[in-house]
Amino acid sequence: MATTTAHPPSQPDPTSQNTRLQEIKQFDESKIGVKGLVDRGLTTIPSFFIHPNPPEQNPKNSPAANVDPISKLDPKPTIPVIDFSAPRSALVDQLRRASSSLGFFQIINHSVPPSSINKILGSIQQFFELPEEKKMEYYTRDMTRGAAYSTNFDLYQSKAASWRDTFQMGLSPNPPKWENVPVTFREAVAEWDKQVAKISEEVMGILCEGLGLERSDDELKELWDGRVMATHYYPYCPQAELTAGLTSHTDPGLLTVLVQNEVLGLQVKVGEEWVDVVPVEGAIVFNIGDNFQIMSNDQYKSVEHRVFANPLRNPRVSIAVFLTPGHRDHLCGPFPELISAEKPAVYRQFTLSDYMARFFTKELDGKTLTNYYRI
Ligand SMILES: O=C(O)CCC(=O)C(=O)O
Ligand SMILES: [Fe+2]
């Protein structure tokens, strides 16, 4: 007798969907994070972490990071490492070239002391390595708390979960809700925010000059004085080849300022290839976000990136600060100076509130939201 399947194969089976949801809920309510699973000596990962096409480490990537991305001698693209002590005109040119092609660059010899970078990375790592019962107090999906620790903000929306825990908090324009931030890293976060604001002012000035925009410092500041920090902890994964650390996405906002410890993981999509952002001691990584691609009328590129699950015993730690306009209800769209008869606006205007609402209700994995606003 021919077997009848109650549900066509293309439809998810509601029973297994239900079981999956129960497993996710149980894990989420345990508040132990993926770090907690590793600490329990787990050797196989729960099935809801298994990705159909997990990102692989790219064995072809060489750690030679300081290579011109368009050099003929090395056709393989690499993320440029730019010496920030170079003359301004050279920086304008180099940052513009990187932002118009790969959408990512690292800077070295900048004004942020290596000790500040090490301090913030160290104190974030310390938080994730606190005894479980201390850390649990901060585990929540309630974003009104202004600061929250959880595993994957899109845990309930994504097709597969990723092997990563995150502590996220708002920094500006509203003051941080310090009462919801662990005492152990309040001071380090406040200091890091100052450093990020200082270096962002310099980098945003250079990037806007690269577009030929003339703006005062105060006008520029309005573009990026909204700041949200996401700190990520990627513990060892016993089956790293089956899952991801962070699925492919583009960032919201104008610019992302990122520091990472020495453990490799971040990759950028260049054509059909994935290129490592090789950790460089003391470097700060910047990438163009969707809002800058839109405001620059497509001159700067917001590029997909991802993190592979960590196969090493050393945890990977990264700290991203997303810069957005401070006023979420002001209209944003392409800069008027960049619109002409030859180059009409390719995006319509929108508010950041609208953008963010869409960003947080979609699964992280997937295409950039820029296309939603494209004319
Ligand atoms: O962990 C990383 O290096 C990348 C983080 C990232 O892409 C993000 O938070 O948007
Ligand atoms: Fe990102």
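## Basis of the model and a buried aspartate

Asp298 is buried, with a relative accessible area of 16% (buried means under 20% relative accessible area, exposed over 50%, and partly exposed in between, with a 1.4 Å probe and protein chains only). Asp298 is not a glycine, yet its phi is positive, at about 80°. The residue lies in the loop between helix H8 (290-295) and S11; helices (H or I, at least four residues) and strands (E, at least two) are DSSP runs, numbered from the N terminus.

The model is predicted: local features need pLDDT of at least 70, side-chain atom pairs count only at pLDDT 80 or more, and totals for chains, interfaces and linings use all residues. Residues are numbered from 1 along each chain as its sequence is written, chains are lettered from A and ligands numbered from 1 in the order in which they are written, and side-chain values use heavy atoms, with hydrogens and water left out.

## Backbone features elsewhere

Asn152 also has a positive phi, of about 60°, although it is not a glycine. Asn152 belongs to the loop between strand S3 (147-150) and S4, and its relative accessibility of 1% places it in the buried class.

The peptide bond between Ser172 and Pro173 is cis, with omega about 5°. Pro173 sits in the loop that runs between strand S4 (165-172) and helix H6 (183-210).

## The environment of ligand 1

Ligand 1 is surrounded by 13 residues, of which His232, Tyr234, His249, Arg316 and Ser318 come nearest; a residue is near a molecule or strand if one of its heavy atoms lies within 4 Å of it. Three side chains make polar contacts with oxygen atoms of the ligand (a polar contact is a pair of N or O atoms within 3.5 Å; within protein, one must be able to donate a hydrogen and the other to accept it, and residues adjacent in sequence count only if both atoms are side-chain atoms). For His249, an N or O atom of the side chain is 3.0 Å from a ligand oxygen. For Asp251, the distance from a polar side-chain atom to an oxygen of ligand 1 is 3.1 Å. For His305, the corresponding distance is 3.1 Å.

On its own, ligand 1 has 300 Å² of accessible area, and the protein covers 95% of it (Shrake-Rupley method with a 1.4 Å probe; for residues, only the protein chains shown count as cover). Strand S5 (226-234), strand S6 (244-249), strand S11 (305-308) and strand S12 (316-324) each give two or more residues to the shell. S12 gives the most, with four residues. By class, the shell has seven nonpolar, four polar and two charged residues; Ala, Val, Leu, Ile, Met, Phe, Trp, Tyr, Cys and Pro count as nonpolar, Asp, Glu, Lys and Arg as charged, and the others, Gly among them, as polar.

## The second largest pocket

The second largest pocket holds about 320 Å³ of space. Its lining comprises 16 residues, and Glu222, Leu223, Met295, Leu331 and Cys332 are the closest to its centre. On a 1 Å grid over the protein atoms alone, a pocket is an open set of points where a 1.4 Å probe fits, with protein on both sides within 12 Å along at least five of seven lines, and lining residues have an atom within 4 Å of a point. Grid points are joined across faces, edges and corners, and the volume is the space filled by probe spheres set on the points.

Helix H7 (217-224) and strand S13 (331-332) are the elements that give two or more residues to this lining, and H7 gives the most, with three. The lining divides into nine nonpolar, four polar and three charged residues.

## An exposed proline

Pro52 is in the loop between helix H2 (33-39) and strand S1 (81-83) and is exposed, at 70% relative accessibility. Pro52 and Thr243 are 191 residues apart in sequence, with a C-alpha to C-alpha distance of 8.4 Å.
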